[in-house]
Amino acid sequence: MKTKGSIFAVVLASLAMAAAVAACGNNQVYGNGTTAQDGQYEAYEPHEMGYPLAQDAPAEEVAEILGLVPHGEIAMRHVAYMNNYLYGRIAFTYREKEAALWLVDTLLAMGYASEDIQMQEFAVEVVAGLWPQAWFDAGFQSRGYSQNVILTIPGQSERVIVVGAHYDSFPYPGANDNASGTALLLESAQRMLHLDNYHTIVYVFFGAEEVGLIGAQYYLAALSESERDNILFMVNADVLFEGPYLLYIYGFNESLRPDAHAIVSAWGDMAYALYGAHGVELIPFPDGINRWFSDHTVFYLADIPAVMLSGLDSCERWEFTPRWILHTPQDCFYYISEAWPGKMEWNIWGYSLFLEKMLTHRYEG
């Protein structure tokens with residue numbers, strides 16, 4: 001696999017299991033317990049990320065270096081960073097807001113202009129009694145403020161591909177759910193700086209997914225009817241490390257979007273080519289879109305073709321297995337790395353290759 005031998009992988013492999021258990025294997029609630037609204041949280045300061053590319057390098061040099069960086073390696077750095085410094089990204093807390101600010105900083109550091117990026121803020125009343133007390137202890141509020149971070153990359157065509165992932169989490173590190181999807185989008189956005197995209201690409205980092213897909217609902221509701229009709233399809237990346245299978249779960253209203261057959265066929269060709277070239281088996285799961293509720297659900301119910309990228313143990317949403325780490329303290333970079341060595345690297349490598357093909361393809365119609 002391409003990420004083997006990297007300095008980053010070697011450093012991670014040197015971490016002891018004892019440290020992983022101490023950091024992630026208990027039931028503590030992560031988070032600082034302070035909200036964005038109370039004004040008591042220390043001002044956010046960007047952390048040094050250690051990007052593989054110099055920000056001020058010439059564009060040609062950056063593109064050449066980026067081509068030598070294995071797919072998924074940049075994303076893995078982001079997953080580790082979010083796990084270590086932005087854990088407990090509970091909806092409506094300042095930690096979630098801090099993660100949103102970090103996303104903006106990261107996109108700017110890549111080279112995107114501030115006018116390409118939008119912080120879409122929203123507020124919502126939270127129904128009491130639906131969430132554990134531990135969430136409230138960690139800063140969860142009865143009146144919630146959250147935000148989507150939106151990056152727009154214009155293309156030759158005004159038809160839009162929406163690529164989404166939620167960045168909020170349960171009160172745990174949230175490496176799998178959903179630093180994995182967030183990091184995949186960040187790497188994709190960095191690579192798209194040096195790739196051609198025929199269609200306009202809109203990356204949306206959704207807030208408040210874990211409490212009812214609220215960020216996705218707000219984003220779609222804010223679009224005009226013509227803007228919604230202009231969406232070619234929506235890609236959602238969520239829970240990429242749950243199991244060994246790399247699924248793409250899709251669905252669409254055939255009577256309203258007969259052109260989606262050609263889109264899905266193109267995805268099948270891409271998956272077949274990746275299997276032949278790299279041995280990455282991307283498994284299609286047609287009409288499975290209703291078996292897993294995530295941000296794609298909002299688009300699918302609005303008759304927009306949607307596909308979810310998710311590394312699951314099986315196609316059955318509620319089939320519990322020994323690998324099940326979702327919404328537990330074991331959703332931690334170091335726990336997953338020690339329990340299933342290489343799984344994170346393999347999954348995110350395969351999805352990075354697949355997503356790049358999905359976004360650089362010219363869909364007809």
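The following questions and answers go through a predicted model, taking its core, two helices, a loop residue and some aromatic rings in turn.

Visitor: Which residues have the most contacts inside the largest nonpolar core?
Guide: In soluble globular proteins, nonpolar side chains tend to be buried together. Here the largest nonpolar core has 81 residues. Those with the most contacts inside this core are Tyr203, Trp267, Phe354 and Tyr363.

Visitor: Which helix gives the largest share of this core?
Guide: The largest share amounts to nine residues. They come from the helix at residues 343–360, which is α13.

Visitor: Which residues does Tyr363 touch, leaving aside its neighbours within four places in sequence?
Guide: Tyr363 belongs to an aromatic cluster with Phe233, Tyr248, Tyr250, Trp267 and Phe354. With the sequence neighbours set aside, its contacts are Ile161, His199, Leu232, Phe233, Ile263, Ala266, Trp267, Met270 and Met358.

Visitor: How far apart are the end C-alpha atoms of helix α10?
Guide: Helix α10 covers residues 260–278, which is 19 residues. At 1.5 Å a residue, the expected span is 27 Å. The model agrees with this, because the end C-alpha atoms are 27 Å apart.

Visitor: Why do the buried residues of α10 lie on the same side of the helix?
Guide: An α-helix has 3.6 residues a turn, so residues three or four places apart point the same way. In α10 the buried residues are Ala260, Ile263, Val264, Ala266, Trp267, Met270, Ala271 and Leu274. They are on the same side of α10 because the arc they cover around the axis is only 155°.

Visitor: What covers that buried side, and which exposed residues does the face turned away from it carry?
Guide: The cover over the buried residues includes strands β5, β6, β7 and β8 and helix α13. The face of α10 turned away from them carries the exposed residues Ala262, Asp269, Tyr272 and Gly276.

Visitor: How many of the 17 residues of α5 are buried?
Guide: Helix α5 runs over residues 94–110 and reaches 24 Å from its first C-alpha to its last. The rest of the structure largely encloses α5, because the number of its residues that are buried is 14 of the 17.

Visitor: What phi do the glycines after these two helices take?
Guide: Gly111 follows α5, and its phi is positive, near 125°. Just after α10 comes Gly279, with a positive phi of about 75°.

Visitor: Is Ser169 buried or exposed?
Guide: Ser169 lies in the loop between β3 and α7. Beyond its neighbours within four places in sequence, Ser169 is in contact with Gly88, Arg89, Ile90, Ala91, Gly174, Asp177 and Glu210. Its relative accessible area is 0%, and the cut-off is under 20%, so Ser169 is buried.

Visitor: What is the angle between the planes in the aromatic pair of Phe333 and Tyr334?
Guide: The whole structure has 14 aromatic pairs, one of them formed by Phe333 and Tyr334. Phe333 counts as buried at 1% relative accessibility, and Tyr334 counts as buried at 17%. The ring centres are 5.3 Å apart and the pair is edge-to-face, with an angle of 70°.

Visitor: Which residue has its charged end over the ring of Trp340?
Guide: Trp340 counts as buried at 16% relative accessibility, and it forms an edge-to-face pair with Tyr335. The charged end over the ring of Trp340 is 4.0 Å from the ring centre and belongs to Lys343.

Visitor: Over the face of which residue does Arg362 lie?
Guide: The distance from Arg362 to the ring centre is 4.0 Å. The ring is that of Tyr198.

Terms used
Residues are numbered from 1 along each chain as its sequence is written. This is a predicted model: local features need pLDDT of at least 70, side-chain atom pairs count only at pLDDT 80 or more; totals for chains, interfaces and linings use all residues. Side-chain values use heavy atoms; hydrogens and water are left out. A nonpolar core is a set of buried Ala, Val, Leu, Ile, Met, Phe, Trp, Tyr and Cys residues joined through side-chain atoms within 4.5 Å. Buried means under 20% relative accessible area, exposed over 50%, partly exposed in between (1.4 Å probe, protein chains only). Helices (H or I, at least four residues) and strands (E, at least two) are DSSP runs, numbered from the N terminus. Contact means heavy atoms within 4.5 Å. The expected span of a helix is 1.5 Å times one less than its number of residues. The arc is that of the directions from the helix axis to the C-beta atoms. Rings of Phe, Tyr and Trp (its six-membered ring) pair if their centres lie within 6.5 Å; planes under 30 degrees apart count as stacked, over 60 as edge-to-face and the rest as tilted. A charge sits over a ring if NZ of Lys or CZ of Arg is within 6 Å of the ring centre and within 35 degrees of the ring normal.
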